[in-house]
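Biologist: I am new to this model and would like to know the grounds for each label. Can we go through them one at a time?

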Amino acid sequence: AAEPLFQEALKGVKQSFGNDHIQVAETLNLIAQAHLSAKHGDYSRSEALEEECVRIQKMHLGPDHPAISGSLTTLAMACKEQGKYTAAESHITEALRILKKKLDNSHPDFGFALLNHVSILIKQEKYTEAEPLIGEGLEILRRHFGSTHPVVADSLRKLAMQLTIQGNFTAAEPLFQEALKGVKQSFGNDHIQVAETLN
């Protein structure tokens, strides 16, 4: 239902600014993220849109602008969901390189990108590679937001869910426990977030 609206918005931006304008890249990025996060996401469409977005961003911003790292992360996640793990790892590695170069490796965006890399590794059952990155990514977020912040709890919960889906319950359990503790401290014992974490 949303796709005709997306196409209309993209058409309007292209007519107003031209096909390779940075506004077109921003619109492509938003549409790609919507496709990626939809309940039944169109991951191949998200991938194609984000590839075009990255091309335009690099043309206007240069190859190492921090904005490109977000687009590369979305592109990596779209590839991951399609089982294109080599491409996914390549995109997330490039995103991490840009973030490290432009922001440094203690910035929360670097922490989020690390955890996205972890999700790609977990999907491939590369737990040995993923484990140190989990600790590093979570430590960055804990330092920036605090250990009981909802952002940290949500990241813990998502990682634990991925590990559970892959059958690695031993690694998932402490992450769930820490996420639950953070959610309870942030929202109280009877908040809906507690129920979602328990679920």
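**Labels and their grounds**

Biologist: Why are α4 and α6 called roughly parallel to each other?

Modeller: Their packing angle is about 15°, and their axes are 10 Å apart. Angles under 35 degrees count as roughly parallel, over 145 as roughly antiparallel, 65 to 115 as roughly perpendicular and the rest as oblique. The value falls in the first class, so α4 and α6 are roughly parallel. Axes are lines fitted to C-alpha atoms, for helices over the stretch in contact, with angles from 0 to 180 degrees between N-to-C directions. The model is a predicted one: local features need pLDDT of at least 70 and side-chain atom pairs pLDDT 80 or more, while totals for chains, interfaces and linings use all residues. Residues are numbered from 1 along each chain as its sequence is written, and side-chain values use heavy atoms, without hydrogens and water.

Biologist: Which residues of α4 and α6 meet?

Modeller: From α4 come T73, A76, M77, K80 and E81, and from α6 come N116, S119, I120 and K123. Contact means heavy atoms within 4.5 Å. By class, this contact has three nonpolar, three polar and three charged residues. Ala, Val, Leu, Ile, Met, Phe, Trp, Tyr, Cys and Pro count as nonpolar, Asp, Glu, Lys and Arg as charged, and the others, Gly among them, as polar.

Biologist: What makes α6 roughly parallel to α8?

Modeller: α6 and α8 pack at an angle of about 10°, with axes 10 Å apart. Set against the cut-off for the parallel class, that makes α6 roughly parallel to α8. Here F112, L115, V118, S119 and I122 of α6 meet V151, S155, L159, Q162 and L163 of α8. This contact has seven nonpolar, three polar and no charged residues.

Biologist: Why does I68 count as buried?

Modeller: Buried means under 20% relative accessible area, exposed over 50%, and partly exposed in between, with a 1.4 Å probe and protein chains only. I68 has 0%, so I68 counts as buried. I68 lies in helix α4, residues 66-81; a helix is a DSSP run of H or I, at least four residues, numbered from the N terminus. Beyond four places in sequence, I68 touches V54, Q57, K58, G62, P63 and I98.

Biologist: Is H117 buried or exposed?

Modeller: Its relative accessible area is 12%, under the limit, and therefore H117 is buried. H117 sits in α6, residues 108-123. Leaving aside neighbours within four places, H117 is in contact with E89, I92, L96 and L133.

Biologist: What makes a set of residues a nonpolar core?

Modeller: The set must be buried Ala, Val, Leu, Ile, Met, Phe, Trp, Tyr and Cys residues joined through side-chain atoms within 4.5 Å. The largest such core has 24 residues, and V118, L138, L159 and L175 have the most contacts inside it. α6 gives the most to this core, with seven residues. Apart from it lies another core, of 14 residues, among them L36, M77, A78 and A95.

Biologist: Why is D104 called partly exposed?

Modeller: D104 has a relative accessible area of 35%, which lies between the two limits, so D104 is partly exposed. D104 is in the loop between α5 and α6. D104 also has a positive phi of about 100° although it is not a glycine. Most residues other than glycine have a negative phi.

Conventions: Helix = DSSP H or I, 4+ residues; strand = E, 2+ residues; numbered from the N terminus.
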